[in-house]
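This briefing goes with the sequence and coordinates shown below. Please read it alongside the model.

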Amino acid sequence: MRESRRRVAIEGVRPEIDAGEHPIKRTVGDRVTVEFDAFADGHDRVAAVLVHKHECDVAWSETRAEALGNDRWRASFAVDRLGTYHYTVAAWVDAYATWAAELQKRVEAGQDVALELDEGAILVGEAAKRAKAADAAALRSLGRRLRDGDAAAAAEATALMDRHAARRDPTRYARVLEVAVERERAAASAWYKVFPRSVFAGPTAAGEAGVRQGTLADVRERVLPHAAGLGFDVLYLLPIHPIGRTFRKGRDNALAAGPDDPGSPYAIGSEEGGHCAVAPALGTVDDVRALAAACRERGMDLALDIAFQCSPDHPWVREHPEWFRHRPDGTIRYAENPPKKYQDIYPLDMTGAAWRELWGALRDVFLFWAAQGVRAFRVDNPHTKPFGFWRWCLAEVKRVYPDAIFLAEAFTRPKVMARLAKAGFSQSYTYFTWRTEKWELERYLTELTATELAEFMRPNFWPNTPDILPFHLQEGGRPAFLSRATLASTLAASWGVYAPAFELLENAPLAPGREEYRSSEKYELRRWDLDDPKSIAPFLASLNRIRQVHPALRRDRPLTFHRVDNDQLIVYSKRRDGDTVLVVVSLDWRWPQSGWTDLDLAALGIEEGGRFTVRDELTGKTYPWSGGRNFVRLEPDLPAHIFAIEDQQ
């Protein structure tokens, strides 16, 4: 019955994910802008507020909503703490605003408004009883003026009445929605991914011969300073755990391993330990702790690769056989992705009878490494585990370590990727690696930045991974590496490279038609020369420096694509907090490309026909431009412009 008497309707609340089942995502310092429809029957005016609070607060705060027209409203609030914020909206019939609007019309029509002024005085007097101190006195004074026939007092009372007027026929939105607030690096980061067992040569390694087992100490001494010097803020290690020997893989994924083959680091576990242990050849848990501390000293994060699977030699196989799936003959089922077989890996039975104990053990893996100072995790193949597990597990970890960041490595179906983001992953791998045509990039980035996805799924763009050597890198050589790095680092707020393979232009495939590396680090030790003259490390350093200077590049949106009369060129811009960056990239690895732009000047914050200067942040050169039509030309040896907009006239 009460619902049937409610006069104010609230609809179309945005952002809202799946009827409030999942939170939107923001980082500390962001603002949450909420829009909604609120309206009443008849001609009465409506007022509305955005109601919000942090999970640790007792009292709710209110922000008055602004009317946008056509019964649409907008309000925003700042999120300044890690954790969860709650928000909803409320609206009511605004009797005073309704009265004031009608009064104005009567005054303009020259009508006698004596009774109307008395009516307004009553409304103001009632509000005075609710107000305190100075507000109450001011309202009483305004009420007297209205009774004395001073119609001007109506407008003067508006602000006070907004605070103290009675809320008639109030309606509160049925759902309380959530905002998951993480630290800045969850939204903007640059990842440098390495196999810690490889050797990274350079000045400090002069005279070393052959290939030996690298260590975590080597990573701390050689790789960390190198990655920091290139401007990366996350040093990401492939799995560091003991590797099983049963069915160990040989070089290039051979079924038979030689006596010195190290095996795949994803075949986790041996008699030396499991997911909370470090391979003795790499070092100890103390070395992880020291490396994490060294990263923090440089303002970086250490990220670990977490793969929830076991080798046949993992202690859990012996101690908890109930955590694995069994074949009819009683043997444990190894991993398969038909026709591929992975005899060196046992998947976990996440929904078996012992799921509670297993889930708790997996949560404790994160908690163990977080206690060592690790706050960033790349999770291998999360789409092969239940969504409910991730929602529970990630929430459990963030309850203890609210600054933890999780990157989902899930090259899977779009809706599955989105669901993992909803479950709590901070960032997500994407299809960028395979998007090469202009129309593909524009369509995909529009989906990621201009639809509901942008509220909860943060893309992390990778030009390569240890598992994926795209055909365009195989065929395009250095220009392709430069182009793809520019696209990844400027289209997405987070990006990463599998290094040093990427900076050293590693592009030899396992076989023609295969997107896999020959002599893959997944199965053998490699020695990398970080001072190789062919390295594009200085270019990567420039990209990260530009990202650090320009806040517009440290968010995914707003992103605007601009027209250009050459499909081998892609032009786009980002704008944030007064910072505007315009990027032009050639998608052709072989030939020079040129064209005339047709810029959306409004998106650049430039008046129609305005003059402005663009400075190429890659070269330092400046160019005077006028209006939206301007000429650009790119060569394969430097297939990109990253323009800062300045000197607008």
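The points below cover two sheets, the nonpolar cores and one arginine. The model is a predicted one. One open sheet has 8 strands with parallel pairing, and an open sheet of 8 strands with antiparallel pairing is also present.

**Parallel sheet**

- The strand order in this sheet is 21-20-19-14-13-11-23-22.
- Strand 21 and strand 22 (460-461) are its edge strands, and each pairs on one side only.
- Strand 22 runs parallel to strand 23 (residues 494-498), and 2 bridges join them. Phenylalanine 461 has tryptophan 495 in strand 23 as its bridge partner.
- Helix 7 (residues 285-297) packs on the sheet and touches strand 13 (234-237) and strand 14 (301-306). The direction of helix 7 makes about 135° with that of strand 14.

**Strand 20 and its neighbours**

- Strand 20 (residues 405-409) is largely enclosed by the rest of the structure, because 5 of its 5 residues are buried.
- In a regular strand, side chains alternate between the two faces of the sheet. In strand 20 both faces are covered: Ile405, Leu407 and Glu409 are buried on one side, and Phe406 and Ala408 are buried on the other.
- Strand 19 (residues 376-380) and strand 20 run parallel and are joined by 5 bridges. Aspartate 380 is placed opposite glutamate 409 of strand 20.
- A right-handed β-α-β unit is made by strand 19, helix 10 (residues 387-400) and strand 20.
- Strand 20 also pairs with strand 21 (residues 427-428), in the parallel sense and over 2 bridges. Serine 428 in strand 21 is the bridge partner of alanine 408.
- From strand 20 the chain crosses through helix 11 (residues 414-423) to strand 21, in a β-α-β crossover that is right-handed.

**Antiparallel sheet**

- The strands of this open sheet follow the order 30-29-32-27-26-25-28-31.
- Strand 30 (622-626) and strand 31 (631-634) are at the edges; each has a single partner strand, so one side of each has no neighbour in the sheet.
- Neighbouring strands here are turned by 35° against each other on average, direction ignored.
- Strand 27 (residues 579-586) and strand 32 (residues 640-646) run antiparallel, joined by 5 bridges. Valine 583 stands opposite isoleucine 642 of strand 32.
- Helix 12 (residues 438-450) packs on this sheet, in touch with strand 25 (559-564) and strand 26 (569-576). Its direction makes about 155° with that of strand 25.
- Helix 13 (residues 471-491) packs on the sheet as well, touching strand 25, strand 26, strand 27 and strand 32. The direction of helix 13 makes about 30° with that of strand 26.

**Nonpolar cores**

- The largest nonpolar core has 147 residues, and within it Tyr192 and Leu235 touch the most other members.
- Helix 9 (residues 355-371) supplies the largest share of this core, 9 residues.
- Another core, of 21 residues, lies apart from it and has Ala128, Ala131, Leu146 and Ala154 among its members.

**Arginine 72**

- Arginine 72 belongs to strand 7 (residues 72-78).
- Its relative accessibility is 19%, so arginine 72 counts as buried, the cut-off being under 20%.
- The side chain of arginine 72 reaches the backbone oxygen of glycine 12 at 2.8 Å.
- Leaving aside residues up to four places away in sequence, arginine 72 touches Glu11, Gly12, Arg14, Glu35, Phe36, Asp37, Glu66 and Ala67.

Terms used
Residues are numbered from 1 along each chain as its sequence is written. This is a predicted model: local features need pLDDT of at least 70, side-chain atom pairs count only at pLDDT 80 or more; totals for chains, interfaces and linings use all residues. Side-chain values use heavy atoms; hydrogens and water are left out. A nonpolar core is a set of buried Ala, Val, Leu, Ile, Met, Phe, Trp, Tyr and Cys residues joined through side-chain atoms within 4.5 Å. Buried means under 20% relative accessible area, exposed over 50%, partly exposed in between (1.4 Å probe, protein chains only). Helices (H or I, at least four residues) and strands (E, at least two) are DSSP runs, numbered from the N terminus. Two strands pair if DSSP finds at least two bridges between them. A crossover is right-handed if, with the strands pointing away from the viewer, the path from the first strand over the helix to the second runs clockwise. Axes are lines fitted to C-alpha atoms, for helices over the stretch in contact, and angles run from 0 to 180 degrees between N-to-C directions. Contact means heavy atoms within 4.5 Å. A polar contact is a pair of N or O atoms within 3.5 Å; within protein, one must be able to donate a hydrogen and the other to accept it, and residues adjacent in sequence count only if both atoms are side-chain atoms.
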